[in-house]
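Thanks for making the time this morning; I would like to walk through one model with you, going from the overall fold down to a few individual side chains. Please have the viewer open, and stop me wherever something is unclear.

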Amino acid sequence: SSSRGGLIMPGNPVYTREPRVDETLNHGSKTVTTAGTPVQLSTSSVPCIEVLIQVKRGNTGRIYIGGAGVPNNDSAGIMLDIPTAGQTPPSVPITAQNLNQIYINSTVNGEGVNFLYW
């Protein structure tokens, strides 16, 4: 099973920190138009503390998360696998200072992620 500090199973997010009372929970979505081309979660400055990124349920390829040059192969970044029918799609929490620091890439045109941030 999944627990803080325990085994991490696909589809079960492990939260690194709980939001404070004065923080606002926000959400967004991002699509990679052309597979192989990294895309920022936000092109404008959006301060944050943590981002929970989840692949879209309809994705048929992998998603990679990293910095500005994140590739769409297993050579760098964090890989989120193809969603499995009947299960919660894979997700990952990332601590960051701004949404514009995080990029995604995909192996299939037009696929992407949904995300929460605070």
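Let me begin with the secondary structure, where the chain comes to eight strands and zero helices, so that, read along the sequence, the pattern is simply β-β-β-β-β-β-β-β. I should say straight away that this is a predicted model, and everything that follows should be heard with that in mind.

For the chain as a whole, 36% of the 118 residues count as buried, while the exposed area is about 6,500 Å², with carbon and sulfur atoms supplying 53% of that area. If we take the contacts in the chain with a separation of 6 or more, residues 24 or more positions apart account for 78% of them.

Now to the sheet that I would like you to look at, which is an open one of four strands, in the order β2-β7-β4-β5, with antiparallel pairing. Which strands stand at the edges? They are β2 and β5, the latter covering 78-80, and because each has a single partner strand, one side of each is left without a neighbour in the sheet. As general background, strands of a sheet pair through backbone hydrogen bonds, in either a parallel or an antiparallel manner. Further inside the order, β4, residues 63-66, and β7, residues 103-106, run antiparallel and are joined by four bridges; to pick out one position, G66 has Y103 in β7 as its bridge partner.

From there I move to the loop between β2 (39-40) and β3 (50-55), where we find S45. Is S45 buried or exposed? Its relative accessibility is 54%, and since the cut-off for exposed is over 50%, S45 counts as exposed. Leaving aside residues up to four places away in sequence, S45 nevertheless touches N98 and N100, and with N98 there is a polar contact from side chain to side chain at 2.8 Å. In the same region, the C-alpha atoms of S45 and Q97 are separated by 9.7 Å, although the two residues are 52 apart along the chain.

Finally, a word on the aromatic residues, among which the structure holds one pair. The rings in question belong to F115 and Y117, with their centres 5.9 Å apart and their planes at 35°, so the pair is classed as tilted. Both F115 and Y117 are buried, in contrast to S45, which is exposed.

Note on methods:
Residues are numbered from 1 along each chain as its sequence is written. This is a predicted model: local features need pLDDT of at least 70, side-chain atom pairs count only at pLDDT 80 or more; totals for chains, interfaces and linings use all residues. Side-chain values use heavy atoms; hydrogens and water are left out. Helices (H or I, at least four residues) and strands (E, at least two) are DSSP runs, numbered from the N terminus. Buried means under 20% relative accessible area, exposed over 50%, partly exposed in between (1.4 Å probe, protein chains only). Contact means heavy atoms within 4.5 Å. A polar contact is a pair of N or O atoms within 3.5 Å; within protein, one must be able to donate a hydrogen and the other to accept it, and residues adjacent in sequence count only if both atoms are side-chain atoms. Rings of Phe, Tyr and Trp (its six-membered ring) pair if their centres lie within 6.5 Å; planes under 30 degrees apart count as stacked, over 60 as edge-to-face and the rest as tilted. Accessible areas come from the Shrake-Rupley method with a 1.4 Å probe; for residues, only the protein chains shown count as cover. Two strands pair if DSSP finds at least two bridges between them.
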